[in-house]
Each structure stands twice: as C-alpha cells, then as structure tokens.
Amino acid sequence: MSEHQSTRRRFLKLLGLSVGAVASTNAFASFIDKEEIKKLNPEQQEFMMRYGKWMDELTIVARVQKTNPDDFDNQKKMMILGTKAQELQPELSTYMKDETFALIFKESIKRLSNEI
C-alpha cells in the first residue's frame with residue numbers, strides 16, 4: 001500500500017468511515033429513511049441533516065483526492081473537513097447514546113456502504 005493510500009485510509013478511519021462510504025454525491029441524504037428520521041427529536045433530525053451535508057462535501061473531496069492526490073486546494077478542503085468531523089464528534093457521541101438515533105444512524109451508514 002502506498003503512503004498516500006495509507007494516509008487517506010487513516011484520515012477516513014479518523015472520521016469513522018470506511019473507504020467505500022465516500023463514493024457518491026448526496027449519497028448519505030438519499031439513504032436516510034424519511035419515515036425513520038421523523039422518529040428523532042428535532043435536534044437529532046437537524047444533526048442528521050448537518051451530518052449528511054458534511055458527508056456530501058467529504059464525498060466530493062474524496063473523489064478529487066482519488067483522481068488528483070496532488071491537488072493542494074483539495075487537500076486543504078480535506079483538512080477543513082477533518083476539523084469539522086472532530087467538531088461533530090462530541091455531538092454525535094451524545095446522540096449515539098439514544099438507541100433510536102444510533103439505530104437510524106448506523107442503518108443509514110450501512111445502507112450507503114452496501115450500495116457502494
């Protein structure tokens with residue numbers, strides 16, 4: 001495995017993602033079951049939508065990174081998204097304590113990963 005692939009894999013692992021979970025734009029939003037998300041409280045729903053937007057941004061950046069790993073502007077975007085992931089993590093950890101949220105979140109990620 002090249003150093004570039006290893007670095008990318010570590011970055012995605014830090015974000016809690018598998019390599020396959022970043023393959024298509026707007027993918028996360030399309031895998032959130034609209035009926036399921038209604039079971040969440042308003043704060044959790046809002047978080048899921050923010051997380052979906054972040055995932056969409058990550059998808060675009062990961063695509064560019066894969067095709068053009070030397071794109072400096074894209075690397076800066078990836079660093080910003082990494083920082084954003086760290087900012088989202090405490091809130092995600094809190095919401096994951098709620099069994100309903102955790103099931104919906106995990107299922108959304110699972111559906112996305114399985115589709116890709």
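Let's start in helix α4, where Tyr51 and Trp54 sit three residues apart, about one turn of the helix. The model you are looking at is predicted, so treat each value here as computed from that model.

**Aromatic rings**

Both Tyr51 and Trp54 are buried. How many aromatic pairs does the structure hold? The count comes to seven. Tyr51 and Trp54 form a tilted pair, because planes at 45° fall neither under 30 degrees, which would be stacked, nor over 60, which would be edge-to-face.

A second pair belongs to helix α6, which covers residues 99-115. There, Phe101 and Phe105 are four residues apart, again about one turn of the helix. Phe101 is buried, and Phe105 is buried too. This pair counts as stacked, because its planes are at 15° and the cut-off for stacking is under 30 degrees.

Here are the two pairs side by side:

| Ring pair | Distance between centres | Angle between planes | Type |
|---|---|---|---|
| Tyr51 and Trp54 | 5.2 Å | 45° | tilted |
| Phe101 and Phe105 | 5.9 Å | 15° | stacked |

Ring pairs also join these residues into a cluster, whose members are Phe47, Tyr51, Trp54, Tyr95, Phe101 and Phe105.

**The nonpolar core**

In soluble globular proteins, nonpolar side chains tend to be buried together. In this model, the largest nonpolar core has 18 residues. Which of them touch the most other members? They are Phe47, Met48, Tyr51, Trp54, Leu92, Phe101 and Phe105. Helices α4, α5 (72-96) and α6 each supply at least two residues of this core, and α4 gives the most, with seven. Leu92 is a good residue to click on: leaving aside residues up to four places away in sequence, Leu92 touches Phe47, Tyr51, Phe101 and Phe105.

**Two more residues to find**

Is Gln65 buried or exposed? Gln65, in helix α4 (residues 42-67), is buried, because its relative accessible area is 6% and the limit for buried is under 20%. Gln75 is ten residues further along the chain, and the C-alpha atoms of Gln65 and Gln75 are separated by 7.4 Å.

Asn41 lies in the loop between α3 (34-37) and α4. With a relative accessibility of 32%, Asn41 counts as partly exposed. The side chain of Asn41 reaches the backbone nitrogen of Gln44 at 2.8 Å. Asn41 also shows how the chain brings distant parts of the sequence into range: Asn41 and Phe101 are 60 residues apart in sequence, yet 9.1 Å apart in space, C-alpha to C-alpha.

Key. Residues are numbered from 1 along each chain as its sequence is written. This is a predicted model: local features need pLDDT of at least 70, side-chain atom pairs count only at pLDDT 80 or more; totals for chains, interfaces and linings use all residues. Side-chain values use heavy atoms; hydrogens and water are left out. Buried means under 20% relative accessible area, exposed over 50%, partly exposed in between (1.4 Å probe, protein chains only). Rings of Phe, Tyr and Trp (its six-membered ring) pair if their centres lie within 6.5 Å; planes under 30 degrees apart count as stacked, over 60 as edge-to-face and the rest as tilted. A nonpolar core is a set of buried Ala, Val, Leu, Ile, Met, Phe, Trp, Tyr and Cys residues joined through side-chain atoms within 4.5 Å. Contact means heavy atoms within 4.5 Å. A polar contact is a pair of N or O atoms within 3.5 Å; within protein, one must be able to donate a hydrogen and the other to accept it, and residues adjacent in sequence count only if both atoms are side-chain atoms.
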